[in-house]
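Visitor: I am new to this structure and would like a close look at one part of it. Could you take me slowly through the annotated site and what lies around it?

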Amino acid sequence: MKFAVVAFPGSNCEMDLVYAIEDVVKEQAELVPSTATYLNDYSAVLLPGGFSYGDYLRSGAIAQLAPIMPAVKRFAAAGKPVLGICNGFQILTEARLLPGSLQRNQESKFVCKVADLVVTNNQTLFTTNYQAQQTIQLPIAHGDGNYYCDPITLAELRKNNQIIFTYQNNPNGSVAAIAGISNRQGNVLGMMPHPERAVEAILGSTSGRELFSSLVNSVRKRGLIHE
Ligand SMILES: NC(=O)CC[C@H](N)C(=O)O
């Protein structure tokens with residue numbers, strides 16, 4: 001199975017994602033430049049963290065216009081897995097593949113620390129290897145991680161179990177302490193914490209491993225494998 005890791009100008013977590021896939025869950029990962037227009041050969045598409053286009057205008061606002069994005073939208077519309085981490089989450093909201101937006105942290109400061117999270121939905125393509133309501137530790141590192149959506153959208157997210165991760169100690173002012181959400185269909189996940197930075201004990205946490213192993217299992221079960 002082959003995963004696409006899309007690199008935008010200013011991405012800085014793409015090699016950490018490649019490491020998590022190749023060295024930890026032992027699958028293939030390919031870096032795909034954001035100038036590409038084709039993603040059909042992949043089992044999943046991953047949008048990494050970083051500062052695409054220097055976060056100009058708003059984080060993710062320019063990246064969502066990159067040539068690769070129509071292919072990401074087609075991939076998502078086909079029900080295949082798309083994961084956006086940190087800046088990747090920001091790009092997915094800007095592209096309207098996920099509802100709401102990521103705004104400046106409440107205290108207007110960049111937050112960089114390990115966060116305690118709750119896996120509030122372990123029934124997604126990305127979370128089946130976690131226990132229900134499991135507490136996990138993942139690093140966060142963002143200036144624009146304050147998730148906002150209006151009350152109607154929040155009610156829908158709750159009703160459809162689209163809130164996948166929440167913070168135990170809300171570090172950025174996010175509505176309902178939301179750290180990660182999925183789309184209604186469950187195949188697109190955006191999260192501010194960095195699972196790819198928590199895949200080896202030496203990194204301080206291995207809580208990210210289950211996310212990648214869940215994704216591999218789901219791809220296998222659904223027959224989405226491209227060799
Ligand atoms: N680590 C990241 O992906 C940073 C995300 C984003 N550019 C921010 O500071 O909010």
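Guide: Here is a walk that starts at the annotated site, moves along the chain from there, and ends with a few other spots.

Please keep in mind that this is a predicted model. Our starting point comes from a record: an unreviewed UniProt entry carries the annotation "active site" for Cys86, His194 and Glu196. These residues are spread over 111 residues of sequence, yet they cluster in space, with a largest C-alpha distance of 11.0 Å.

Let us begin with Cys86. You will find Cys86 in the loop between strand S4 (82-85) and helix H3 (87-94). Is Cys86 buried or exposed? Cys86 is buried, because 30 other C-beta atoms lie within 10 Å, and 20 or more are enough for that label. Leaving out residues up to four places away in sequence, Cys86 touches Cys13, Gly49, His142, Met192 and His194. Notice that His194, which shares the annotation with Cys86, is among these contacts.

Now turn to His194 itself. His194 sits in the loop between S11 and H5. His194 is buried too, with 25 other C-beta atoms within 10 Å. Apart from neighbours within four places in sequence, His194 is in contact with Cys13, Gly49, Ile85, Cys86, Leu138, Pro139, Ile140 and Ala141. Cys13 and Gly49 are therefore on the contact list of His194 as well as on that of Cys86.

The ligand is the next stop. Around the ligand you can pick out Gly49, Gly50, Phe51, Asp55, Ser59, Cys86, Asn87, Ala141, His142, Gly143, Asp144 and Gly145. By type, this shell divides into three nonpolar, seven polar and two charged residues. Cys86 belongs to the shell, and two of the residues touched by Cys86, Gly49 and His142, are in the shell as well.

Let us follow the loop that holds His194 onward to Ser207. Ser207 is found in the loop between strand S11 (188-191) and helix H5 (209-222). Ser207 counts as buried, because 22 other C-beta atoms lie within 10 Å. Beyond its sequence neighbours up to four places away, Ser207 touches Ile136, Gln137, Leu138 and Ala198. Leu138 is also one of the contacts of His194. For a sense of scale, the C-alpha atoms of Ser207 and Ile62 are separated by 31 Å, the two residues being 145 apart along the chain.

After this loop comes H5, and Arg209 has its place in that helix. Arg209 is partly exposed, because 18 C-beta neighbours lie inside 10 Å, and a buried residue needs 20 or more. Setting aside neighbours within four places in sequence, Arg209 is in contact with Val24 and Val199. H5 as a whole has 14 residues and reaches 20 Å from its first C-alpha to its last, close to the 20 Å expected at 1.5 Å a residue. Its buried residues are Glu210, Leu211, Phe212, Leu215, Ser218 and Val219, and they pack against helix H1 (14-24) and strand S3 (44-47). Just after H5, Gly223 takes a positive phi of about 65 degrees.

Helix H3, which we met beside Cys86, contains Thr93. Thr93 is buried, with 24 other C-beta atoms within 10 Å. Residues up to four places away in sequence aside, Thr93 touches Gly60, Leu98, Gly100, Ser101, Leu102 and Gly190. Thr93 and Gln64 are 29 residues apart along the chain, and their C-alpha atoms are separated by 8.9 Å.

Now for the interior. The largest nonpolar core has 68 residues, and those touching the most other members are Ala4, Val5, Val6, Val45, Leu46 and Val72. Take Val5 as an example: not counting residues up to four places away, Val5 touches Glu14, Leu17, Val18, Ala29, Glu30, Leu31, Val32, Leu46 and Pro48.

Finally, here are two places where the backbone deserves a look. Most residues other than glycine have a negative phi. Ser108, however, has a positive phi near 55 degrees. Ser108 is in the loop between strand S5 (101-103) and strand S6 (111-119), and counts as exposed, with 8 C-beta neighbours inside 10 Å. Ala176 likewise has a positive phi, about 55 degrees. Ala176 lies in the loop between strand S9 (163-167) and strand S10 (178-182), and is partly exposed, with 16 other C-beta atoms within 10 Å.

Technical notes. Residues are numbered from 1 along each chain as its sequence is written. This is a predicted model: local features need pLDDT of at least 70, side-chain atom pairs count only at pLDDT 80 or more; totals for chains, interfaces and linings use all residues. Helices (H or I, at least four residues) and strands (E, at least two) are DSSP runs, numbered from the N terminus. A residue is buried if 20 or more other C-beta atoms lie within 10 Å of its own, exposed if 12 or fewer, and partly exposed in between; C-beta atoms are placed from the backbone. Two residues are in contact if their C-beta atoms, placed from the backbone, lie within 7 Å. A residue is near a molecule or strand if its C-beta atom, placed from the backbone, lies within 6 Å of it. Ala, Val, Leu, Ile, Met, Phe, Trp, Tyr, Cys and Pro count as nonpolar, Asp, Glu, Lys and Arg as charged, and the others, Gly among them, as polar. UniProt positions are given in the numbering used here, feature names are shortened, and annotations may be inferred rather than shown by experiment. A nonpolar core is a set of buried Ala, Val, Leu, Ile, Met, Phe, Trp, Tyr and Cys residues joined through C-beta atoms within 7 Å. The expected span of a helix is 1.5 Å times one less than its number of residues.
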